[in-house]
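Trainee: I would like to go through the labels used for this model and check what each one rests on.
Mentor: Then ask about them one at a time.

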Amino acid sequence: MANETHSLTQEQLNSWWMPFTPNRVFKTNPKLYVAAEGMHMTMADGRKIIDATAGLWCVNAGHGRKEIADAVHQQLMDMDYANPFGFGHPKAFELAHRLATEIAPEGLNRVFFTNSGSEAVDTALKMARAYWRARGQGEKTKFIARHKAYHGVNFGGVSVAGLTPNRKNFGPVIEADFLNHTLLPENAFSKGQPEHGAELADELERIVALHDASNIAAVIVEPMSGAGGVILPPKGYLEKLRAICDKHDILLIFDEVITCYGRLGASCASVATGITPDIITSAKGLTNGVIPMGAVMAKQEVYDACMQGPENIPEFMHGYTYSGHPVACAAALATLDIYKNEKLFERAGTTAEIWQEGIHRLDGLPYVTDVRNWGLVGAIDLEPHGEPGPTRGQQVAAKLLEKGITVRAAGDTLMMSPPLIIESSHIDQIFDAFEAVLKS
Ligand SMILES: Cc1ncc(COP(=O)(O)O)c(C=O)c1O
């Protein structure tokens, strides 16, 4: 596909060590974005592409939102930075309160700011250990996670990652054990949360018995695994995890870095499902992807337990130079206003029905072995061709890009998570393109 390099030299192209990208392939055929608006990205050759992934699961309100740009500009002019260690500024408190009251489920009303999802995960893991230590049970340190889980790239997150390629090159990690994932063949082509597999949560009893609850700090799961291939929780599964954690006095962490901020038709997966964890991690849609920011929402009990020791010493020895950055807070507040004023979470819930109809048009097409959806998320599994080189998933993604649609390929799984402003005409365009490519 023709794509201009925007006059970049090969030296410039070589200089950026790109994240999660096959660098050598990219640099022989760079795919450059140069502009973005609404549902679309513009490529260097001038072509407008439907952004069916909302960037990287983050641009929930669509690209180029003037309200956010104005808020960021104003904040830069008023106060570009404020030291968060021992000082505060009003917008951080205002934002924390809005997250506690408008986004988190009831009871998760203490909010810690980070700069990314990875930092949110590591913060949550540290909170869990600090909580047990504060309660005099400092030996509760282990974490239980899940196969195929993605929890970011910092060492805590890698330790609880269930994706082998993300762990194998990085040496010793902290101690964790793993539940099976919930991708079952009998649930293929399910619409929304699948029917079969709630009993997979019972495996947690076996793992708890093995390590003993007195050694376990927390169970961490994505309520819906995203990067691992859009793996949905069977009906009743999260309820069971919650009950087993309660029974054994183990904290439950929901990593909602992609499910928070509307994608499932509610503020977060916890609200969508009615299952309340003890800690939620979030990022991405918090600022519409405009400024890096994450937020960890914890039960008051977790916060209260940590508020001990001499009053002149920080109770939680953790934080970032940019925690609660004023510009990020301004972007987040403007983003929350858009979500609220445009009722985007409710809109996502309604559009999800049209999305479901659209994506399941692919059931039965050549090479398609599964189609899954929940809210405004979708995944299509393709039969591997078994040859070296680009996977069938990568081949189909490249063809879709030629037809003006960007999707995310992980092996032979194609994933989509469009902005919540998506219209039914875009949904038609996306699945018309899929049909044409798969039939060809
Ligand atoms: C569930 C989950 N946790 C954590 C992260 C890491 O977030 P970030 O890339 O902002 O560090 C991601 C990113 O995709 C994610 O999907």
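Trainee: What lies 2.8 Å from an oxygen atom of the ligand?
Mentor: A backbone N or O atom of G117 does. Keep in mind that this is a predicted model.

Trainee: Why is the G117 pair called a polar contact?
Mentor: The cut-off is a pair of N or O atoms within 3.5 Å. The G117 atom is a backbone N or O, its partner is a ligand oxygen, and the distance is 2.8 Å, so the pair qualifies.

Trainee: How do you know that the side chains of S118 and K284 qualify?
Mentor: By the same test. An N or O atom in the S118 side chain is 2.6 Å from a ligand oxygen. For the side chain of K284, the corresponding distance to a ligand oxygen is 2.9 Å. Both values fall within 3.5 Å, so both are polar contacts.

Trainee: How much of the ligand does the protein cover?
Mentor: On its own the ligand has 390 Å² of accessible area, and the protein covers 84% of that.

Trainee: What makes S116 and Y150 part of the surroundings of the ligand?
Mentor: A residue counts if one of its heavy atoms lies within 4 Å. S116 and Y150 are listed around the ligand, along with others including H151, E222 and D255. By class, the shell has three nonpolar, five polar and three charged residues.

Trainee: Where are the two domains?
Mentor: Domain 1 is 10-61 + 343-439, and domain 2 is 67-341. Their centres, taken over C-alpha atoms, are 26 Å apart. The contact takes 35 residues from domain 1 and 38 from domain 2.

Trainee: Which three residues supply 31% of the area that domain 1 buries against domain 2?
Mentor: W57, F345 and W374, more than any other three residues. The two domains bury about 2,900 Å² between them, with 66% of it on carbon and sulfur atoms.

Trainee: How many salt bridges and polar contacts link the domains?
Mentor: The rule finds zero salt bridges across the interface, while 16 residue pairs are in polar contact.

Definitions and conventions:
Residues are numbered from 1 along each chain as its sequence is written. This is a predicted model: local features need pLDDT of at least 70, side-chain atom pairs count only at pLDDT 80 or more; totals for chains, interfaces and linings use all residues. Side-chain values use heavy atoms; hydrogens and water are left out. A polar contact is a pair of N or O atoms within 3.5 Å; within protein, one must be able to donate a hydrogen and the other to accept it, and residues adjacent in sequence count only if both atoms are side-chain atoms. Accessible areas come from the Shrake-Rupley method with a 1.4 Å probe; for residues, only the protein chains shown count as cover. Ala, Val, Leu, Ile, Met, Phe, Trp, Tyr, Cys and Pro count as nonpolar, Asp, Glu, Lys and Arg as charged, and the others, Gly among them, as polar. Domain bounds come from an automatic or database domain assignment. Contact means heavy atoms within 4.5 Å. Buried area is the accessible area (1.4 Å probe) that two parts lose on being put together, summed over both. A salt bridge is a side-chain nitrogen of Lys or Arg within 4 Å of a carboxyl oxygen of Asp or Glu.
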